Amino acid sequence: MDNENVKKKVMLSGIQPSGDLHLGNYLGAVKNWAELPEQFDCFYFMADLHTLTVRQDPKELRRRSTAQLAQYIACGLDPEKNTLFLQSHVHEHAELGWILNCYTMFGELSRMTQFKDKSARHTDNINGGLFTYPALMAADILLYQADFVPVGEDQKQHCELTRDIAIRFNNLYGETFKVPEPYIPKVGARIMSLSNPASKMSKSDPLGCVFLMDKPEELARKFKRAVTDSDTERCVRFDPENKPGVANLIQIYSSVTGRSFDEIEAEFDGKGYGVFKPAVGEAVIETLRPIREEAERMIADKAYLQQVYTDGAQKASFVARKTLRKVYKKIGLVEKPF
Ligand code: TRP
């Protein structure tokens, strides 16, 4: 069989538009996604419905949802090769989400560490959506019969639950859903916070977080202030155990320049952190400059973005509709005659 006729495996992931994309999202995820469409049929969406589990400012949510799409494209996700869309534009997500709620156990949802963390952090708003969020995430994935779901460590538990839900449903009604697997890329850096290298870079810690849309001066400032280590040696050496701050900067420098850790150690041999930190900042500035500029250009071109997310939602709906119809039929809902 020639390649044209082999159905590609499906890859799907979502990011919540609850903040702008940061260097960790880029180097650890989106940059690698850009390489995938040769091999896979890729769907990426803005998980706008998921953000509602935490109170959002409506204007900001609307702005960020399309700005994030622009950032995806600027990072190399070609809309001609990937299906890019907003979750809320494909109503099948909410519909299958409801159904899967009825196949997800209270006990399972209670064990989700993200629920436990988030409900501890937002004690004034522990809403039902926060609790049942994994059922919607399962719907996101299962609608597209995804084979692989590229996610970070923090979403692995939700992916496991998605598998359990799919298997449970298939056992009750016969083969309906593809049972997906988490996709942990071979390459892909784990980028830590610049201000606290013990925790992952995150938009909830803005000081240690490098946003793709940060201006060069802002980036230079953040790197100059990056926490290094209090050891006496003060040399640039990759030792994540004892020098996590420096190791993180080496990792970042390596990811943006393509140089190996050995080459980097040699390059800064005998030079102190005062030389190293601005050099990393400069390399990041040059990497992000074209991405930011292209994203800004697209953000100003609303008609273009609208065309992309319209095409994306149409392509996504076509696939999602088929799965949802199959589900409705299997569970005994009367077929809609119109
Ligand atoms: N829950 C994910 C997060 O917070 C976002 C997400 C929603 C997602 N639906 C998804 C990721 C489906 C992968 C697949 O990061």
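**View 1. The ligand and its shell of 14 residues.** Closest to the ligand are Gln16, Tyr133, Met137, Asp140 and Gln155; a residue is near a molecule if one of its heavy atoms lies within 4 Å of it. The model is predicted: local features need pLDDT of at least 70, side-chain atom pairs count only at pLDDT 80 or more, and totals for chains, interfaces and linings use all residues. Residues are numbered from 1 along each chain as its sequence is written, and side-chain values use heavy atoms, with hydrogens and water left out. Helix H7 (128–142) and strand E1 (9–15) each supply at least two shell residues. H7 gives the most, with four residues.

**View 2. Polar side-chain atoms at the ligand: Gln16, Asp140 and Gln155.** An N or O atom in the Asp140 side chain is 2.6 Å from a ligand nitrogen. For Gln155, a polar side-chain atom lies 3.1 Å from a nitrogen atom of the ligand. Gln16 places a polar side-chain atom 3.0 Å from a ligand oxygen.

**View 3. The salt bridge of Lys215 and Glu296.** Their side chains meet at 3.8 Å, N to O (a salt bridge is a side-chain nitrogen of Lys or Arg within 4 Å of a carboxyl oxygen of Asp or Glu). Lys215 sits in the loop between strand E5 (181–183) and helix H9 (216–224), and Glu296 in helix H12 (residues 273–300), so the pair ties together parts 81 residues apart in sequence.

**View 4. A salt bridge within helix H9, Glu218 to Arg221.** The closest N and O atoms are 3.2 Å apart. Glu218 and Arg221 are three residues apart, about one helical turn.

Key: A polar contact is a pair of N or O atoms within 3.5 Å; within protein, one must be able to donate a hydrogen and the other to accept it, and residues adjacent in sequence count only if both atoms are side-chain atoms.
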